[in-house]
Amino acid sequence: LFDAVLIKENHIEAMGSLAEAVRAARASAPRAMVEVEVETPEQLTQALDTEADRIMLDDFSLDALRAAVAARDAHQGKRKELEASGSIDAGNLREIAATGVDFLSLTKHVRAVDFSLRLR
């Protein structure tokens, strides 16, 4: 993550608040994309009032994702990108995409491919 900052729950806890974590990230990396992970609608509301560029919605239900998109769209100020994360698989991918989020994070249940690249 050399060109972006991802703020997760442990960072928020260490900084004392979501707003302070985003403020510190923006101050330390003014040109970087700043993304903050939220786990509740209340945290989403807080994140919408920060200088974060993207908000990761962790394990939100379909209804909560739709509500998050509506809240973002109704919010005054800089438009934030929304990323759905957690429990996304081939079975629910289309439904989640249809909620209107901007990005899907497919990080769980992914199998790595072990390969080697040898140069001579």
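Leu93, Leu104 and Leu106 come together on the surface to make a nonpolar patch of about 220 Å². Keep in mind that what you're looking at is a predicted model. Beyond that patch, there's a nonpolar core of 24 residues to get to know, plus a buried aspartate, Asp53.

**The surface patch**
- One of the patch's members, Leu93, sits in helix 5, which covers residues 93-97.
- Leu93 counts as partly exposed because its relative accessible area is 30%, and partly exposed is the band between under 20% and over 50%.

**The nonpolar core**
- The largest nonpolar core holds 24 residues, and the ones with the most contacts inside it are Ile7, Val36, Val38, Leu44, Ile55, Leu57 and Leu82.
- Two or more residues each come from helix 2 (18-28), strand 2 (33-38), helix 3, strand 3, helix 4 (62-74) and strand 4 (81-85).
- Helix 2 is the top contributor here, giving four residues.
- Setting aside neighbours within four places in sequence, Ile7 touches Ile12, Ala21, Val22, Ala25, Val34, Glu35, Val36 and Glu37.

**Asp53 and its partners**
- You'll find Asp53 in the loop that runs between helix 3 (41-48) and strand 3 (54-58).
- Asp53 has 15% relative accessibility, so it counts as buried, the cut-off being under 20%.
- Its side chain makes a polar contact with the side chain of Arg26 at 2.8 Å, and another with the side chain of Lys78 at 2.5 Å.
- Again leaving out neighbours within four places in sequence, the residues in contact with Asp53 include Ala32, Met33, Val34, Lys80 and Glu81.

Terms used:
Residues are numbered from 1 along each chain as its sequence is written. This is a predicted model: local features need pLDDT of at least 70, side-chain atom pairs count only at pLDDT 80 or more; totals for chains, interfaces and linings use all residues. Side-chain values use heavy atoms; hydrogens and water are left out. Patches are made of residues with over 30% relative accessible area and no salt bridge: like charges are joined within 9 Å, nonpolar side chains (Val, Leu, Ile, Met, Phe, Trp, Tyr) within 5 Å. Accessible areas come from the Shrake-Rupley method with a 1.4 Å probe; for residues, only the protein chains shown count as cover. A salt bridge is a side-chain nitrogen of Lys or Arg within 4 Å of a carboxyl oxygen of Asp or Glu. Buried means under 20% relative accessible area, exposed over 50%, partly exposed in between (1.4 Å probe, protein chains only). A polar contact is a pair of N or O atoms within 3.5 Å; within protein, one must be able to donate a hydrogen and the other to accept it, and residues adjacent in sequence count only if both atoms are side-chain atoms. Contact means heavy atoms within 4.5 Å. A nonpolar core is a set of buried Ala, Val, Leu, Ile, Met, Phe, Trp, Tyr and Cys residues joined through side-chain atoms within 4.5 Å.
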